[in-house]
Amino acid sequence: MNDLLLEVENLQTHFFLDDGLVKAVDGVHLHIRRGRTLAVVGESGCGKSIMARSLLQIVTPPGKIVGGAIRYHRGPGDVVNLLDYDRKGPEMRAFRGREAAMIFQEPMASLSPVYTIGNQIVESFRLHFKVSKAEARTVAIEMLRKVGIPRPEARFDAYPHQLSGGMRQRAMIAMALICQPNLLIADEPTTALDVTTQAQILELLQKLQAELEMAVVMITHDLGVVAEMADDVAVMYLGQVVEQGSVDDIFYNPQHPYTRGLLASIPRLEGATRARLAAIPGTVPHPYARPGGCPFHTRCRERIINRLDMCKTEAPPLVQVGAEHHARCWLHHNQGVELSSEAVQLASLPLTTTGGH
Amino acid sequence: MTSYILRRLLYFIPTLLAISLVTFFIIQLPPGDFLTSFEARALASGDQADLERVEQLRERYGLDQPWYVQYWKWFTGILVGDFGYSFQWKQPVADLLGQRMLLTFLLALATTVFVWAVAIPMGIYAAMRKNTVGDYAVSFTGFIGLATPDFLLALVLMWVAFFYFDMSVGGLFSPEFEGAPWSMAKVWDLLGHLWIPVVVIGTNGTAGLIRILRANLLDELHKPYVETARAKGLTEWHLTAKHPVRVALNPFISGIGDTLPGLISGATITSIVLSLPTAGPLLLQSLLSQDMYLAGSYIFLLSILSVLGVLISDILLAWLDPRIRYQ
Amino acid sequence: MDVARNLPNGMQPALPADVAEELAALEREDASGRAVATASQWKLMWWRFRKHTLAKVSLAVLGFLFLVAIFADAIAPYDPTVTQSNRTYAPPQPIYIIENGRLTWPFALGLKSTIDAESLRRMYVLDHEQRIDMGLFVQGEPYRLLGLFETNTRLFGASNGAQQVSVLGSDRLGRDLFSRMVHATRISLSIGLAAVFVSLLLGVTLGGISGYVGGRVDMVIQRVVEFIDAIPSLPLWMGLSAAIPLTWPPLWVYFAITLVLSLLGWTGMARVVRGRFLAMREEDFVMAARVSGSGERRIIFRHMLPSFVSHIIASLTLTIPGRILGETSLSFLGLGLKEPIISYGVLLQDAQNIRAVATAPWLIVPALVVVVIVIAYNFLGDGLRDAADPYA
Amino acid sequence: MHNVVLHEADSAPNTQHAALLQVEDLKMYFPIRKGLLQRKVGEVKAVDGVSFALRPGETLSLVGESGCGKTTTGRSIVRAYKQPPSAGRILFRGDNGHVADLARLSDAEMKPYRKAVQMVFQDPFASLNPRMTVRDIVGEPLRVNGMAQGRELEARVAELLHRVKLPPEFMSRYPHAFSGGQRQRIGIARALATNPRLVVADEAVSALDVSVQAQILNLMQDLQAELGLTYLFVAHNLSVVRYISDRVAVMYVGRVVELAETSKLFAMPRHPYTEALLANVPRPDPRARRSRIVLQGEVPDPANPPSGCHFHPRCPYAKERCRVEIPVLRELASGHHVACHFAEELTLRGVDTSAVAGASP
């Protein structure tokens with residue numbers, strides 16, 4: 001398939017802190033396809049934001065990408081491993097902003113308070129394209145119009161604090177899309193917004209994605225947003241992708257106990273009132289005290305019911321459970337309960353995808 | 001913006017009044033009457049001209065009247081350029097202070113330029129190279145600078161110049177230019193002498209500003225908007241210089257208000273040690289001899305200079321930071 | 001394969017009793033059982049502070065200097081006020097512990113003095129013939145230890161009480177510089193603390209009122225703070241010090257100078273306290289305490305104050321060196337403490353002109369100690385500030 | 001003390017109980033001060049005439065977006081602010097049947113009612129004093145109200161921890177040792193310490209991860225059943241509200257725009273804003289993707305709200321009348337209150353509340 005844009009293989013990003021090593025991202029495999037939306041979903045501390053930053057290599061010390069590969073398919077047969085580039089080098093900087101752009105959770109904090117919106121939008125454009133100030137301004141105002149900011153000529157010279165939250169996030173989007181990147185990474189783009197504003201921004205993102213035919217990586221903790229936006233979904237828990245598949249696979253045929261637990265525990269709008277939710281017991285462990293074996297084993301009902309003791313000691317491999325559907329769980333391993341250590345080694349190899357769309 | 005500046009200028013008036021009151025209070029504090037001792041000396045020496053002058057002064061500054069009359073006469077005098085009379089020098093204060101204040105201000109200005117020129121690059125360097133040998137070197141030098149009293153630095157520099165270069169480093173001019181009229185050669189001579197007091201006075205402020213800038217910048221460097229800039233593809237230097245440095249400089253600029261009084265204080269003590277023809281040594285003498293109008297005018301003028309510094313820094317800050325401007 | 005897998009979304013089977021128990025046990029494991037769990041604020045701060053090596057060293061240095069200040073009488077080998085005309089500007093007599101390449105009992109050399117015929121100044125050379133053995137706990141002039149016990153044992157000195165060793169030389173009146181420095185430590189360290197204590201009282205009171213009461217009161221106090229900050233401190237200090245009558249006894253002068261130094265210094269503290277109060281007022285846990293029925297006094301003393309006491313201590317530590325430098329500068333100029341009080345500034349008066357420094361460079365040594373003290377306070381303050389908020 | 005006769009909670013269908021709490025035309029304005037003299041230049045009308053009643057044992061949820069005044073309403077009721085409400089009455093029925101207007105009580109007069117009215121906060125990190133042990137935090141209401149001390153207090157704290165399913169041996173630990181969910185349990189234990197009758201839960205589960213959010217919601221339901229608590233549940237998330245509330249009040253810029261039984265409000269909203277809110281919640285159901293009613297604009301600033309019906313600039317059904325005339329909250333059907341001029345004429349879309357999809361029994 002030539003629709004593959006970015007291929008993440010066994011990505012590992014670790015934080016070297018005074019109090020110990022935190023393996024924020026610990027062996028993540030992902031495929032990001034052109035024109036599609038991949039949602040990466042998980043609870044706080046699962047490493048999804050660090051994973052997103054690793055894609056652009058903007059993780060700063062004490063964090064460091066310590067292993068893996070990020071292959072960027074620039075065109076047919078033109079594949080580069082981004083991790084071969086120096087994190088501060090010119091190739092990586094040419095990639096950032098131009099090929100892949102990013103928007104962040106808190107639009108107020110993510111915009112510099114002392115420069116105008118226009119200045120910050122043009123900055124990115126003029127960095128990657130040789131254009132005059134006047135041309136850049138025209139393009140930027142056009143972009144502001146496109147993201148639905150009224151009176152863009154006037155807003156070009158406004159400061160971030162003069163805009164409302166929703167407008168700021170639109171400005172952020174305009175800033176990210178000004179170079180027409182192939183990939184947009186959106187880190188919780190609507191978490192800080194009200195529901196009605198969230199709906200506006202989500203709709204805007206969908207419209208722009210279709211128009212610009214870009215791939216979107218959507219980082220979120222909200223399964224509602226995932227269901228609305230995603231084509232493919234990766235569920236993360238403690239630095240690993242525990243399950244990935246199409247949005248239908250994940251929502252209607254979840255295979256990992258964590259995904260099932262998550263789906264059962266989210267409150268829904270429909271249904272009887274004053275009902276009970278099915279909670280996952282315990283809390284996400286502290287990153288310093290990461291459990292051995294399967295990281296989820298301390299909270300996994302199914303492990304306890306099925307009396308699978310290997311979950312405590314050995315990390316499960318990513319098992320293919322459907323055409324494009326994988327889960328990292330012993331329950332699905334064909335050997336079931338008894339497993340040789342060789343299988344564990346096999347599991348750490350990169351997964352092979354079968355076919356495509 | 002204009003209304004902001006006008007408002008700030010309006011605040012300036014009560015501050016001016018308050019400073020004049022405080023100054024007047026301070027110069028009135030020491031026990032004894034300057035005039036009385038002056039008179040006694042004049043009587044003892046039998047100087048009739050001095051005795052007459054005593055009467056004139058008593059009349060002109062209302063010295064036999066209650067303190068508020070004295071204050072009013074003194075304050076309104078200042079407003080028209082009459083700073084009073086120095087009993088010790090037997091001259092109007094304004095004549096005595098003129099050139100010395102000019103040199104004091106020049107020194108403070110030169111020092112500010114020096115402080116900024118040194119502190120900004122060093123502070124940025126230390127923050128961007130956090131926890132490297134370079135950072136430690138800058139920070140440690142800064143600490144030494146902060147901890148060394150001005151006079152010690154002055155003495156050490158003088159000592160080094162005296163012993164190793166056989167140079168006399170006191171004063172701002174070589175003896176041949178001391179009383180000479182201004183000329184290019186004199187200016188050149190001044191510049192040759194100026195660097196020692198500038199370094200001595202500036203070291204302390206430089207060290208302080210390096211620390212402030214480094215700390216501010218380290219705070220800013222972790223803000224999300226820096227990450228945004230990084231995600232755009234800017235180089236580390238470019239994104240640091242354009243974004244966080246700009247924000248980190250804000251407290252720096254508001255620091256002008258604090259820096260100026262500091263520089264002037266430093267200048268006072270350094271001037272005394274280096275015997276510079278600035279206002280500092282004159283102040284010390286006038287304080288020791290309780291020459292009230294001279295001392296009072298000096299403290300008053302320095303305070304005004306400092307308050308002006310705060311005013312300038314506030315206006316600059318409003319100009320630089322849109323969040324303040326639109327408040 | 002397994003049971004749970006084929007259940008529809010959200011449907012959970014009823015758990016067997018032992019499974020439920022195991023889940024409950026898992027939940028207990030969550031809260032980290034480490035010592036950290038029960039560590040109080042101060043313990044957490046100490047753990048953080050410990051990582052700051054420079055701050056720890058500084059704490060040790062300052063602790064040592066405070067010990068010197070407390071036991072100054074015993075540590076100083078001689079009476080700091082005794083003048084000796086035959087030892088004016090006597091150079092330091094180093095203490096040797098190696099003789100002919102071998103370790104030996106510490107000793108010093110005596111001084112031979114001659115009078116230069118031309119300048120009429122006394123010149124000194126070390127007398128290699130005259131070996132003076134040093135001793136610990138030697139007998140010297142009597143004094144009162146801590147002002148209580150009459151004794152004449154001094155920490156160290158020449159074993160033979162009749163001989164004199166000035167390890168740092170003598171000043172222009174032949175007084176032993178080392179002894180004078182030991183006594184100066186007492187004054188200079190204490191005046192820094194005292195001045196900061198007065199600033200603390202003023203700052204906490206006014207800042208607290210400003211932050212807690214708010215409104216117009218806050219506004220007035222803020223204007224006063226701004227005003228005081230705008231006045232350059234040294235000229236004002238000089239003005240105020242000059243107003244201290246020359247006839248006052250030394251102790252009064254000491255207190256007057258302390259007051260002068262602290263009158264301008266409280267504004268920083270007031271700012272800190274006000275800022276903390278304002279921030280704290282908005283804290284959820286303060287609101288929670290109010291909802292619980294806690295009175296204002298309990299809220300202030302049980303909830304607010306403990307939250308920023310550590311910050312106050314840290315910023316206090318950082319203002320002490322400024323006061324010490326202030327005293328030193330004033331006294332150096334002759335406007336602060338005066339003889340017979342001995343402070344570092346008073347000692348440095350002797351080093352006021354370059355001639356004196358050129359002939360007797362050891363007179364600069366007190367300034368180096370001031371530098372060490374100031375640096376130590378700065379490092380200590382930095383360490384405390386970093387540790388002050390263990391929950392950040 | 002202001003004694004008032006509390007009438008029957010008129011909004012409750014077939015109610016036999018008198019209301020526990022009746023809020024009448026509550027207003028909370030915060031001054032905006034500026035300049036050298038701190039002159040008042042305006043007011044934020046955070047809560048601008050809110051009325052509702054709470055029956056004993058029920059849960060009423062206040063729902064709305066940021067700046068709608070829901071949190072301020074909750075906090076005003078527990079008198080968490082130093083200033084009293086600007087106007088209106090907060091009538092609370094004490095244990096002995098006496099009714100007091102909490103809005104007008106002084107701090108001292110309020111004290112006995114503090115025991116009966118408690119609060120759970122949103123942020124489990126900020127709401128626990130990090131410098132106090134769990135024993136001191138949970139025991140504080142007991143201590144300051146003179147209800148227990150020493151060993152008795154310790155026993156009561158242990159019992160409370162047990163109730164919120166935390167091991168009593170956690171008592172001597174500090175908050176930093178706990179996760180968000182555990183901290184929120186501690187916060188609940190503190191709120192329960194004085195055996196309150198009314199608990200105001202201010203976004204009590206919003207800051208938690210979904211898996212933990214479910215635990216806390218279930219715990220709160222269990223506690224309500226065991227202890228007969230009455231909840232005022234403040235939230236922005238409509239899907240959370242469904243699980244815990246008997247009735248829901250939707251707020252917009254300081255006013256209640258709709259108040260009804262949960263199932264009715266969800267199934268048949270009568271206010272355009274409620275309809276939009278329901279339509280804008282992203283559904284965790286990819287096959288149910290459908291066109292949203294995307295509202296224009298954003299929530300207005302409560303310091304400077306639009307005229308007439310605050311919602312009119314964003315309302316797809318707005319007419320001229322909405323711009324000029326403020327709609328009053330009126331009872332449309334039994335127990336269903338709406339503040340919209342055209343509530344009768346509009347047919348609005350709700351959600352399906354009959355199915356059990358997604359919820360466990």
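Okay, here's a quick walk through a predicted model of a complex.

Housekeeping first: local features need pLDDT of at least 70, side-chain atom pairs count only at pLDDT 80 or more, and totals for chains, interfaces and linings use all residues, while side-chain values use heavy atoms, with hydrogens and water left out. Residues are numbered from 1 along each chain as its sequence is written, and chains are lettered from A and ligands numbered from 1 in the order in which they are written.

On confidence, the predictor gives the complex an ipTM of 0.78 and a pTM of 0.81. Chain D averages a pLDDT (the predictor's confidence in each residue, from 0 to 100) of 86, and 91% of its residues score at least 70. Over residues 1–16 of chain D, though, the pLDDT is below 50.

Now chain C. Its secondary structure comes to 14 helices and four strands (DSSP runs: H or I of at least four residues for helices, E of at least two for strands). Of its 392 residues, 51% are buried, meaning under 20% relative accessible area with a 1.4 Å probe, protein chains only. Contacts, by the way, are heavy atoms within 4.5 Å. Of the chain C contacts with a separation of 6 or more, 66% are between residues 24 or more positions apart.

Over in chain B, helix H13 covers residues 292–320. Those 29 residues reach 42 Å from first C-alpha to last, close to the 42 Å expected at 1.5 Å a residue (1.5 Å times one less than the number of residues). Why is H13(B) largely enclosed by the rest of the structure? Because 22 of its 29 residues are buried.

How values were computed. Buried means under 20% relative accessible area, exposed over 50%, partly exposed in between (1.4 Å probe, protein chains only).
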